Amino acid sequence: MEQPLVSVIIPTYNRPVQLGELLESLTRQTYKHLEIIIANDAGEPVEDIVALYPELQVKVIHLPENRKHVHARNAALAEATGEYILLCDDDDLLLPIHIERMLAAIADYDLVYSDVEIFDYELVDGMRKPLSRRVFAYEHDPAEMRKFSTFVPSGCLYRRVLHDTLGPFDEAMNHYWDWDFYLRAVEKFRVARVPSAGVLYAFSQQGGNISGAQGDSHRKHLDLLSEKHGLGSLPTKNFFVLLDEPDVKKREAATEVLWDGEPIPSRRRNPGLG
């Protein structure tokens, strides 16, 4: 039986170290039938990094102007030919069994997402060295997800036909686009959490992808999200402060931890591995 094609969508903008490590993690996947679509959001060239991974089927889309990550995802999505879509930010990582496990889990569903480990890091000799790690695993409760989303889009897998109903990602949601996508999907499709921390979600105190202090832009987009989905008043507290709120703490769940804590250096750092 032919294995289904999985289209991996990666928006990127000037993160060569991180992108190289993500491509390295994709070469280590036990599931190999992948097409990888990188949407370069008017950033520096990435061809030198892609060339280090000739065994991967990669297509690079060059966007003429920087219109931010949601637009870049839509541009990549338009090029996808796989039966399934897998989303991943360019600074996150997938552990080797992740895609295989997600494909097994999606048999009775339309979209599945996994638990993750959030890791802090520092850049050392062209590689991210992990400094700390925190498991991010919460029960899937659609009602509670309207109050605080624990859906992490990186590593989620879903049937491409979802977009026939939902349309593309909402580019008005520069912040909270993932929460919006989840809410739209769970209203019409079967969604499940996979209790396995197969994704490493990057966070750096020196400037990661999780905002320590939510500003006016976040407030505007959160209000837009709330109006769109009827969510009522939502707080814009620090992400980690929100995780310690009682309503979120009670949703914490057990998960399978897969990471050995070691970094995943790219061939860009170790060209002899290419």
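The exercises below, each with a worked solution, concern a predicted model.

**Exercise 1.** Determine how the rings of Phe169 and Trp177 are arranged, and state whether these two residues are buried or exposed.

*Solution.* A pair of aromatic rings is described by the distance of the centres and the angle of the planes. The structure holds 13 aromatic pairs, and in the one formed by Phe169 and Trp177 the ring centres are 5.4 Å apart while the planes stand at 80°. Centres within 6.5 Å make a pair, and planes over 60 degrees apart count as edge-to-face, so the rings of Phe169 and Trp177 are an edge-to-face pair. As for their surroundings, Phe169 and Trp177 are both buried.

**Exercise 2.** Work out which parts of the chain are tied together by the pair of Phe203 and Phe240, and find the aromatic cluster that these two residues belong to.

*Solution.* Begin with the geometry: the centres of the two rings, Phe203 and Phe240, are 5.3 Å apart with 70° between the planes, which is an edge-to-face arrangement. Next, place the residues: Phe203 lies in the loop between strand 9 (191-202) and helix 7 (216-229), whereas Phe240 belongs to helix 8 (residues 239-243), so the pair ties together parts that are 37 residues apart in sequence. Then consider accessibility, where buried means under 20% relative accessible area: Phe203, at 9%, counts as buried, while Phe240, at 21%, is partly exposed. Finally, Phe203 and Phe240 join Phe136, Tyr138, Phe148 and Phe239 in one aromatic cluster.

**Exercise 3.** Explain why strand 1 (residues 6-12) is described as largely enclosed, and identify the strand that pairs with strand 1.

*Solution.* In a regular strand the side chains alternate between the two faces of the sheet. On one side of strand 1 are Val6, Val8, Ile10 and Thr12, on the other are Ser7, Ile9 and Pro11, and all of these residues are buried, which leaves both faces covered. Because 7 of the 7 residues of strand 1 are buried, the strand is largely enclosed by the rest of the structure. Its partner is strand 2 (residues 34-40), and the two strands run in the parallel sense over 7 bridges; within this pairing, Pro11 stands opposite Ala39 of strand 2.

**Exercise 4.** Describe the volume and the lining of the second largest pocket.

*Solution.* The space in the second largest pocket comes to about 160 Å³. Its lining includes Leu94, Leu95, Pro96 and Ile97, together with Leu258, Trp259 and Asp260. Sorted by character, the lining residues divide into 8 nonpolar, 1 polar and 3 charged.

Notes:
Residues numbered from 1 in each chain as written. Heavy atoms only, no water. Phe/Tyr/Trp six-rings, centres within 6.5 Å; stacked < 30°, edge-to-face > 60°. Buried < 20%, exposed > 50% of the residue type's maximum accessible area, 1.4 Å probe, protein only. Helix = DSSP H or I, 4+ residues; strand = E, 2+ residues; numbered from the N terminus. 1 Å grid on protein atoms, 1.4 Å probe; cavity = no way out; pocket = protein on both sides within 12 Å on 5 of 7 lines; lining within 4 Å. Points joined across faces, edges and corners; volume = space filled by probe spheres on them. Nonpolar A, V, L, I, M, F, W, Y, C, P; charged D, E, K, R; others polar. Pairing = 2+ DSSP bridges.
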